[in-house]
Amino acid sequence: MRLSLISRATSSLWIWYLLSFTIALTAAERVIESRSLMSCMANSKFSASLFQVTFSPDTRRIDFTINGVSDIDSNVTAIMQVYAYGYKVLEHIIDPCKEKLLGMCPMKEGNLDLQSNVDNISQEVIDSIPGIAFQVPDLDGKVQVRFNITGTDEQVACVEANLSNKKTVDQKAVGWTTAVIVGLGLVASAITSGLGHDNTAAHVAANAMSLFGYFQAQAMIAMTAVALPPIVASWTQNFDWCMGIIRVRFMQNIFHWYIHATGGTPTNLMNNLDRVSVSIQKRSLQAGMLMARGANALARRSNNDNKSNRLGDLVTVTGIERVAFKSKVEETNFFLTGLSFFIIFLVSVSLCVAAFKWGSEYAIKMKWIHGTKFQQFRAGWLTCLKGILYRLILIGFPQMSILCLWELTVRDSKAAVVLAIFFFLTVVGVLTWAAIKVIQLAQRSVAMHKNPAYILYSDPSALNRWGFLYIQYRATAYYFVVPALLYILIKATFIAFGQSVGTVQAVALLIVEFGYLIGVAKMKPWMDKKTNIFNISIASINTLNSIFLLVFTGIFKEPGLVKGVMGVVFFIVNAVFALVLLILVLASSCYALYSKNPETRYQPMRDDRGSFIKSNQVLGSTELDALGKTARGDTKEARLDLDDDRDFTLHDPSHVPLPPSSASTQAPSYHEQPIQPSMPYFPSSRGDTRGPQYSQRTGPSDLPLLNAGGGSRTPSRNEDRSPSPFGQGPTHSGGYSKQSEASRWHVGAGYDH
């Protein structure tokens, strides 16, 4: 029954995912349009601030509205050429006098306001346009018009416009679907953890976090200053939500007021699209084209120059500006939008955790649920909340790094700069502090117990507070938190500071991604084989995407057709890969929520973390626990106190009672040789990496230091010794056997000599 539910959920996701594109690609009518005009020659004598042209093959008609400035005073002939993916698909000569175009027969110097149409386009011309131009989403096409003086054929002006067929892969349904599934994965991991399925919770959370990181990597590509093909720009725009870029109208009004009130000059581009042409850069601009724009080209915002106040200009956007425009967010509101949703996310989750805690307490009081439900969470919910907030800060680290560093380059207002500095230093400081704590805990555990996993997993306070940084890795790879954070920070730095040099960004990202892929493929730092495959696959796709990005810069001077085809391949590869990851995360989340025992799906970890986690759930203390603590040398004076939390009674690992060893039903003679404090608490053989099994004893104790009544007794050297669980050979009078000496305690969880 539960498997059928998971199957239906996966099938529904597949159908919804495909319908999101199919409806958008088939519902719209056949049309090609353009909304911006650029110069394509130096000293062009015609420019336009508003350019809107629509061509419908079904009606055989072209409608256009043009507001421009002309320095031409004669009759002209217009030569129109249409390109699709760098390939010329149409060339048509237009005589304005024959077509009776008002204002262009002849052209006059001064302002030119045209609103007209061309009817009865020949069927031969329409048939020459490939059907792909109307069906493939995010058409990579342009129309170029050259104006020649009639009679002399002297070229006096050249303009070009990007084309669109109103079909796009930038769909809100895709963004919402991906966000819901990632959120479901994180919620499922929290619920299963509260129910005691720690192994399942760790796997689901690790996969959900990796999926979210992949989506953030897609959004980073959208933020690069590389001239992306339209289909790539639209696909990556689906993931702007994971950077906190969500447009809410009243919030945009508040941000507009805030920038103005704190000394900045807010842009107002979205309210002036009827008077300003906006061009989304699709190809690297040639030097001659840059010179041709002159005053019409609006440079990158610096010292709060307000581009939208200069009506009549052509605005070309790329990089972060392109993401802001496609999200319908003013550029000066971009930083505050991402920052606000980051804060809202933190506050909302905190309130939900507090509400869940008090709700569970009330449900237990009303006897709606059993009193042992979520017992560990209720006992130390404040520490759990700290750990959750740390995890959310880690999730928002790429977002805040890019936005804060970028804000330092554009300086929307003094207050915005102060906020950027404060939040960047806070986020980096918090994660650095957490990484240091993890390393200290692991190194102390290795020094005391020859095993980094012991303190990391047996201390519930450390696990709930700092576990977000290391639980997805194997115990011996705890240090991988440092290169993982540096990997994110380096990428964010190049994206934020390289908005004017797209080629540098592409080269840097390729080096970073390739180095990261080699590192993770060699180290395999994640908790098990499946999780390693999941994450290494993501790193491989990210590296492939960086190669695509380098090609899109035009550094290899490839033909336009090659760039267009590679854009389509980029979309197909990433769409299929994202769908596979979504299905895997959705299936594992549903299985974790609906299965009676989801732990059966996952093999026990080789670092024996399950044994340590289970041991910290045993409450209470006995004489045997105190005796064992004394034998181990774990006194209060030797307590590792790296945290200031007091939410858990079992803060110190030494308070954790040890389960009986599964190697034998009898214990060794402790009076022969004391156990060294450096020995790990849970020995495991090389042939069996599973954690120790707990045995249920109801009869008298056969431990050497306790009698049947529970009191202590004095051991005798002459009595028969119980068999040693550490070796089967003959024992020596001085201590352990030679066999046990070679294998005793040195095979710790995830720590082999």
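**Overall architecture and helix packing**

The chain has 24 helices and 13 strands, as seen in a predicted model. Of its 753 residues, 52% are buried. The contact pattern leans towards long separations in sequence: when contacts between residues at least 6 apart are considered, 75% of them join residues at least 24 apart. The surface that the chain exposes comes to about 34,800 Å², and 60% of this area is supplied by carbon and sulfur atoms.

Helix H6, which covers residues 198–223, is a convenient place to begin a closer look. From the first C-alpha to the last, its 26 residues reach 37 Å, close to the 38 Å expected at 1.5 Å a residue. As for its surroundings, H6 is largely enclosed by the rest of the structure, because 24 of its 26 residues are buried.

Attention now turns to a helix pair. Helix H5 (residues 172–194) packs against helix H21 (residues 560–594) at an angle of about 35 degrees, and the two axes lie 9 Å apart. Their crossing is left-handed. On the H5 side, the contact is made by Thr 178, Ile 181, Leu 184, Gly 185, Ala 188, Ile 191 and Thr 192; H21 contributes Leu 582, Val 585, Leu 586, Ser 589, Ala 592 and Leu 593. Nine of the residues in this contact are nonpolar and four are polar, with no charged residue taking part. A helical repeat offers useful background for reading such lists: an α-helix has 3.6 residues a turn, so residues three or four places apart point the same way.

Technical notes: Residues are numbered from 1 along each chain as its sequence is written. This is a predicted model: local features need pLDDT of at least 70, side-chain atom pairs count only at pLDDT 80 or more; totals for chains, interfaces and linings use all residues. Side-chain values use heavy atoms; hydrogens and water are left out. Axes are lines fitted to C-alpha atoms, for helices over the stretch in contact, and angles run from 0 to 180 degrees between N-to-C directions. Helices (H or I, at least four residues) and strands (E, at least two) are DSSP runs, numbered from the N terminus. A crossing is left-handed if the near helix is turned anticlockwise from the far one by less than a right angle, and right-handed if clockwise. Contact means heavy atoms within 4.5 Å. Ala, Val, Leu, Ile, Met, Phe, Trp, Tyr, Cys and Pro count as nonpolar, Asp, Glu, Lys and Arg as charged, and the others, Gly among them, as polar. The expected span of a helix is 1.5 Å times one less than its number of residues. Buried means under 20% relative accessible area, exposed over 50%, partly exposed in between (1.4 Å probe, protein chains only). Accessible areas come from the Shrake-Rupley method with a 1.4 Å probe; for residues, only the protein chains shown count as cover.
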